[in-house]
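Hi,

Here is the structure I promised to pass on. Have a look at it first, and then read my notes underneath.

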Amino acid sequence: MPRRRHNEENSTTQEGLVSLIGAGPGDPELLTLRAVRRLERADIVLYDALVNPEMLEFSKVAQRCYVGKRAGQPSIRQDTIIHLMVKAAREGKRVVRLKGGDPFVLGRGGEEALALAQQNIPCEVVPGISSAIAAATAAQIPVTHRGLSSGFVVISGHDEARVKQLVAGFKPEELTLVVLMGLNTRGTLAKALLAKGWRGDCSAAIIFS
């Protein structure tokens, strides 16, 4: 992954900057200080579907553009989102790409960072708290616990074939399994786990909002 550093505060050029920001699990109080500063100074904010609208209030004067995607609903193309970021940055604007959770956890942040690097657009990544950890923590469920689980695995659950393939890759109940976007495939996932040797009474939780 190409890594490019850009110090906005010390910049003396009119070159634009794209900040790929993780909005975390939804609570504005869980945004990082850097994320808030970038939002306050942004000229344009491109935000996703799961972003809490309250977070946009940090950007008092920025243009706000909804670019969210929801399963089964019409949505803006990914190449169009990249085009908007590149165009705005080349106009010298401070661009915030606001994503739910963390930009690099099932959020296409890696694709966008690569595309920006290929276009020689300055880019920074501001981490956010992924729902893979935050949702369980909010429900007081530790994803690791001494004597029970020494690690955890995060997978996407929207592709049934891929779920079965991933589940086959590790031993039953060896790690905590965190599935994002898996509500519609929970039956397939349960059958795959049982077939792999997981116990039927193994502790599990479904968390959604």
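Below are my notes on the sheet, the salt bridges, the cysteines and a couple of single residues.

A word on the ground rules before the details. This is a predicted model, so I kept local features to pLDDT of at least 70 and side-chain atom pairs to pLDDT 80 or more, while totals for chains, interfaces and linings use all residues. Residues are numbered from 1 along each chain as its sequence is written, and side-chain values use heavy atoms, with hydrogens and water left out.

**The sheet**

Five strands make an open, parallel sheet, and their order across it is β3-β2-β4-β1-β5. Strands here are DSSP runs of E with at least two residues, helices are runs of H or I with at least four, and both are numbered from the N terminus. Two strands count as paired if DSSP finds at least two bridges between them. At the edges sit β3 (63-66) and β5 (123-126), each pairing on one side only. On average, neighbouring strands are turned by 20 degrees against each other, direction ignored. (Axes are lines fitted to C-alpha atoms, for helices over the stretch in contact; angles are taken between N-to-C directions and run from 0 to 180 degrees.)

Going through the pairs, β1 (residues 17-22) and β4 (residues 94-99) are joined in parallel by six bridges, and L17 has R94 in β4 as its bridge partner. Helix α2 (residues 78-90) packs on the sheet, where it touches β1, β2 (44-47) and β4, and its direction makes about 155 degrees with that of β4. A contact, for my purposes, is heavy atoms within 4.5 Å.

Strand β2 has four bridges to β3 and four to β4, parallel to both. V45 is partnered with R64 in β3, and Y47 stands opposite L98 in β4. Where do the β2 side chains point? I44 and L46 go one way, V45 and Y47 go the other way, and all are buried. Buried means under 20% relative accessible area, exposed over 50%, and partly exposed in between (1.4 Å probe, protein chains only).

**Salt bridges**

How many salt bridges turn up in the whole structure? The search finds eleven, taking a salt bridge as a side-chain nitrogen of Lys or Arg within 4 Å of a carboxyl oxygen of Asp or Glu. Here are some that I looked at:

- R94 and D43 meet at 3.5 Å, N to O. R94 lies in β4 and D43 in the loop between α1 (33-41) and β2, so the pair ties together parts 51 residues apart in sequence. R94 is partly exposed at 35%, and D43 is partly exposed at 30%.
- D48 and R97 meet at 2.8 Å, N to O. D48 is in the loop between β2 and β3 and R97 is in β4, so this pair links parts 49 residues apart in sequence. Both D48 and R97 are buried.
- R64 and E57 meet at 3.7 Å, N to O. R64 is partly exposed at 36%, and E57 is partly exposed at 41%.

Through shared partners, salt bridges also join D48, R97, K99 and E112 into one network.

**E112**

This network member sits in helix α3 (residues 109-118). E112 is buried, with a relative accessible area of 0%. Its side chain makes a polar contact of 2.7 Å with that of Q78. (A polar contact is a pair of N or O atoms within 3.5 Å; within protein, one must be able to donate a hydrogen and the other to accept it, and residues adjacent in sequence count only if both atoms are side-chain atoms.) Leaving out residues up to four places away in sequence, E112 touches L20, Q78, I81, I82, M85, R97 and K99.

**Cysteines**

With a disulfide taken as a pair of cysteine sulfur atoms within 2.5 Å, the count is zero. Why does C65 have no bond to C123? C123 has the closest cysteine sulfur to that of C65, but the 18 Å between them is too far for a bond. C65 counts as buried at 18%, whereas C202 is partly exposed at 24%.

**A49**

One last residue: A49 is in the loop between β2 and β3, and at 23% relative accessibility it counts as partly exposed. Beyond its neighbours within four places in sequence, A49 is in contact with Y66, G68, K69 and R70. A49 and E15 are 34 residues apart in sequence and 28 Å apart in space, C-alpha to C-alpha.

Cheers
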